[in-house]
Amino acid sequence: MKTVAVTKIGSLRDPDESTRGRVGLVDFPDQPLGPEDVRIRVAYAAICGSDPHLAEGFFGTDVPIGLGHEISGVIEELGERANRNGLQVGDRVAGNFLKFCGTCRPCQAGAQQFCEHIQDYNRPGMAETIVWHESQVYKLPDDVSLLKGCLLEPTSVAVRIADKTRVRVGDRVAVCGGGPIGQLALQVMKMYGATSLTMIEPIADRRDMALRHGAEHVIDPVAENQFERTDEITGGAGFDVVIDASGSTRAVKGLLDIAAKGGMVVYGAMYPHDFEMPLNLSDYLYLKELTLTGVFVSPYAFPRALQVLPHLDVDELTEAVFPLDRAEKAFEVHVSGAYPKVVIRCNEIPEETVTS
Ligand SMILES: [Zn+2]
Ligand SMILES: [Zn+2]
């Protein structure tokens with residue numbers, strides 16, 4: 001079965017071809033279908049900002065490393081007991097690439113993100129088919145296309161970020177980083193009643209995209225002084241909630257200074273293993289009482305992501321689509337930053353079942 005995989009460890013941005021990482025198509029064995037499993041013919045798999053980190057060996061260096069966790073598709077086959085949520089062959093679905101076992105201590109304590117068996121069903125989805133446990137699979141609403149459906153997983157991350165902000169209606173909110181997660185988080189925070197909603201992003205196209213989808217203000221952190229702009233926007237108060245969706249080691253420290261006293265800073269991205277951010281405990285935790293947190297994965301968020309996805313305007317995230325056999329090119333385009341998101345079409349599946 002054709003699967004997109006990292007075939008050589010290294011940075012995909014390395015200008016030197018001899019050391020640059022590589023992504024290509026690899027033939028993987030078909031995944032077995034257990035009694036509670038669902039085989040999905042994959043329609044679309046989106047490239048995630050985390051995929052190049054996998055190419056750099058973040059989660060291991062044994063190649064090939066199969067890729068793809070933001071997928072949509074159609075159910076092709078069900079195990080004999082995989083019908084407890086009413087799934088049927090032919091259903092249009094998306095879902096969670098992680099299966100939470102429900103049995104281990106963290107799962108039983110309401111912290112599925114720390115499930116001790118979280119990797120059991122984490123399989124590459126940039127492939128012709130994928131097998132998931134039924135608990136990972138969600139039927140798409142009729143008005144969500146398969147193309148939009150591949151954004152369910154990143155939407156779940158935005159929902160989880162919103163959960164962790166503990167935002168209240170009327171809170172002043174800033175989002176740093178206008179990539180897909182930042183754009184989705186911005187729209188979700190708007191739904192939550194965020195005010196002074198601000199996107200901090202150096203790329204003009206991404207600032208403009210944010211302005212089209214609910215941002216009231218934008219800050220260019222390179223050309224502008226973000227502390228002065230924050231004072232202007234918030235009347236000197238700072239932002240009650242600051243979200244980092246950039247993963248930029250240059251950006252993260254300054255976010256502590258634009259947060260309001262008593263504010264919340266959510267580091268909602270993936271950061272380099274060896275990166276340490278200096279943190280003056282007296283200034284930020286004692287005098288300013290900031291709360292800092294992060295997001296690993298998105299437990300308990302998929303049912304709500306499914307509810308909000310039809311209300312999100314995400315067409316601009318699905319404009320660049322490449323067929324499976326051009327995956328290498330798709331990754332080149334992703335790394336170039338020419339599009340906010342790049343999607344791989346794993347099979348030609350007609351959208352005729354979509355009503356709008
Ligand atoms: Zn992702
Ligand atoms: Zn568990």
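Here are some worked exercises on a predicted model, going from its domains down to single residues.

**Exercise 1. Which domains does the assignment give, and how many residues of each are in contact with the other?**

Solution.
- Start with the bounds: the domain assignment gives domain 1 as 2-150 + 318-345 and domain 2 as 159-294.
- Next, look at the spacing. The C-alpha centres of the two domains are 28 Å apart.
- Now list the contacts: 5 residues of domain 1 touch 7 residues of domain 2.
- Finally, sort the domain 1 side of that contact by character, and you get 1 nonpolar, 3 polar and 1 charged residue.

**Exercise 2. What is the strand order of the open sheet of 6 strands, and which strands stand at the edges?**

Solution.
- Read across the sheet: the order is β11-β10-β9-β12-β13-β14, and the pairing is parallel.
- As a reminder, strands of a sheet pair through backbone hydrogen bonds, either parallel or antiparallel.
- Go to the ends. β11 (217-219) and β14 (291-294) each have a single partner strand, so one side of each has no neighbour in the sheet.
- Check the twist, which averages 20° from one strand to the next.
- Then add the helix: α7 (residues 226-234) lies across β9, β10, β11 and β12 (239-244), and runs at about 160° to β10.

**Exercise 3. Take β9. Which strands does it pair with, and is it buried or exposed?**

Solution.
- On one flank, 4 bridges join β9 (residues 172-176) to β10 (residues 195-200), and the two run parallel.
- Pin down that register with R172, whose bridge partner in β10 is T195, and with C176, which stands opposite I200.
- The link between these two strands goes through helix α5 (residues 180-191), giving a right-handed β-α-β unit.
- β9 also pairs with β12, again in the parallel sense and over 4 bridges. Here V175 sits opposite I243.
- Now the side chains. In a regular strand they alternate between the two faces of the sheet.
- In β9, R172, A174 and C176 point one way while V173 and V175 point the other, and all are buried.
- Put it together: 5 of the 5 residues of β9 are buried, so the strand is largely enclosed by the rest of the structure.

**Exercise 4. Where is V242, and which residues does it touch?**

Solution.
- V242 belongs to strand β12.
- Count neighbours: V242 has 29 C-beta neighbours inside 10 Å, so it counts as buried, the cut-off being 20 or more.
- Leave out residues up to four places away in sequence, and V242 touches A174, C176, L255, I258, A259, G263 and V265.
- Two of these contacts, A174 and C176, are among the β9 residues that point one way from that strand.
- For a longer reach, try G49: it is 193 residues from V242 along the chain, and their C-alpha atoms are separated by 20 Å.

**Exercise 5. How does the chain cross from β15 to β16?**

Solution.
- First confirm the pairing. β15 (residues 320-323) and β16 (residues 342-345) are joined in the parallel sense over 4 bridges.
- Fix the register: A320 has V342 as its bridge partner in β16.
- Follow the chain from β15 through helix α11 (residues 327-336) to β16, and the β-α-β crossover turns out right-handed.

**Exercise 6. What is unusual about the backbone at P64, E289 and Y300, and where are these residues?**

Solution.
- Set the baseline: most residues other than glycine have a negative phi, and most peptide bonds are trans.
- Take P64. The peptide bond leading to it from V63 is cis, with omega near 0°, and P64 lies in the loop between α1 (51-55) and β4 (65-66).
- Take E289. It isn't a glycine, yet its phi is positive, about 50°. E289 is in the loop between α9 (281-287) and β14.
- E289 has 10 C-beta neighbours inside 10 Å, so it counts as exposed, given a limit of 12 or fewer.
- Take Y300. It also has a positive phi, about 60°, without being a glycine. Y300 is found in the loop between β14 and α10 (302-308).
- With 15 other C-beta atoms within 10 Å, Y300 is partly exposed.

Key. Residues are numbered from 1 along each chain as its sequence is written. Chains are lettered from A and ligands numbered from 1 in the order in which they are written. This is a predicted model: local features need pLDDT of at least 70, side-chain atom pairs count only at pLDDT 80 or more; totals for chains, interfaces and linings use all residues. Domain bounds come from an automatic or database domain assignment. Two residues are in contact if their C-beta atoms, placed from the backbone, lie within 7 Å. Ala, Val, Leu, Ile, Met, Phe, Trp, Tyr, Cys and Pro count as nonpolar, Asp, Glu, Lys and Arg as charged, and the others, Gly among them, as polar. Two strands pair if DSSP finds at least two bridges between them. Axes are lines fitted to C-alpha atoms, for helices over the stretch in contact, and angles run from 0 to 180 degrees between N-to-C directions. A crossover is right-handed if, with the strands pointing away from the viewer, the path from the first strand over the helix to the second runs clockwise.
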